[in-house]
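Here are some questions and answers for a first look at this structure. They concern a core, a loop residue and a pocket.

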Amino acid sequence: MGGVVGKSESPETKLEAKMVEAMQQRASKGTTIKSFNSIILKFPKIDHTLRKCKAIFEQFDEDSNGAIDHEELKKCLHKLQVCFTEEEIEDLFKACDMNEDMGIKFNEFIVLLCLVYLLKDNATEFEAKSRMGVPNLEATFETLVDAFVLLDKNKDGYVSKTEMVQAINESGERSSGPIATKRFEEMDWDKNGSVSFKEFLFAFTTWVGIEEVGDNDEHR
């Protein structure tokens, strides 16, 4: 069923609807990324930039328990000067708390920041990069948005298995079918046959080697 052009699911929350709409608008502008291989080549640079977010994460994790709770998230968004309603903050928290343990771990925090970037993209509100002290963060998030746009061939705000196969085919991979299937399964967290930008981001943090707040991070 992976070849469905218009997927039947509807966004679960107003926040997800906004994300889909924002991604559709971005997709209409096209992408600077030419192939899936070129995304892979960017992994080390993206990994390096995202790991620099650890200091920001620790700043907002006020009780130093390795997770940002609901109140800490509200303070974080206030500090970054991005305005969300209570409902949107609740939706954002639930969306990024993938393991539902009532706390945003480091990898979930990266996804959250990128979603905020997407949603606030057209406002200057997300010049927060200067406040957060990670110079390439905005460019890195832009690369992630571009990568998703490359995969989302029909520009509906989701990636299907067929689209993933097509993207990897275009990269010239000899065994594109199995590779695409594996990558798609890694992205499709809820196993509903389509991948949202949020799911793509979670998979991406895994691909570049960022776990929750793993032992690897302690050395870097």
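Helices here are DSSP runs of H or I with at least four residues, numbered from the N terminus. The model is a predicted one.

Q: Where is the place of K120?
A: Two helices frame this residue, helix 7 and helix 8 (128-132). The place of K120 is in the loop between helix 7 and helix 8.

Q: Is K120 buried or exposed?
A: Buried means under 20% relative accessible area. The relative accessible area of K120 is 13%, so K120 counts as buried.

Q: How many Å apart in space are K120 and V82?
A: In sequence, K120 and V82 are 38 residues apart. From C-alpha to C-alpha, their distance in space is 7.7 Å.

Q: Which helix gives the most to the largest nonpolar core?
A: The largest nonpolar core has 66 residues, and F109, F197, F200 and F204 touch the most other members. With 12 residues, the helix that gives the most to this core is helix 7 (residues 106-119).

Q: Which residues is F204 in contact with, leaving aside neighbours within four places in sequence?
A: Contact means heavy atoms within 4.5 Å. Once neighbours within four places in sequence are left aside, F204 is in contact with I39, F43, I46 and L144.

Q: Which helix supplies the largest share of the lining of the largest pocket?
A: The largest pocket has a volume of about 590 Å³ and is lined by 28 residues. Helix 1 (14-27), helix 6 (86-96), strand 2 (194-195) and helix 12 (197-207) each supply at least two residues of this lining. The largest share, five residues, comes from helix 6.

Methods
Residues are numbered from 1 along each chain as its sequence is written. This is a predicted model: local features need pLDDT of at least 70, side-chain atom pairs count only at pLDDT 80 or more; totals for chains, interfaces and linings use all residues. Side-chain values use heavy atoms; hydrogens and water are left out. A nonpolar core is a set of buried Ala, Val, Leu, Ile, Met, Phe, Trp, Tyr and Cys residues joined through side-chain atoms within 4.5 Å. Buried means under 20% relative accessible area, exposed over 50%, partly exposed in between (1.4 Å probe, protein chains only). On a 1 Å grid over the protein atoms alone, a cavity is a set of points where a 1.4 Å probe fits but cannot get out, and a pocket is an open set with protein on both sides within 12 Å along at least five of seven lines; lining residues have an atom within 4 Å of a point. Grid points are joined across faces, edges and corners, and a volume is the space filled by probe spheres set on the points.
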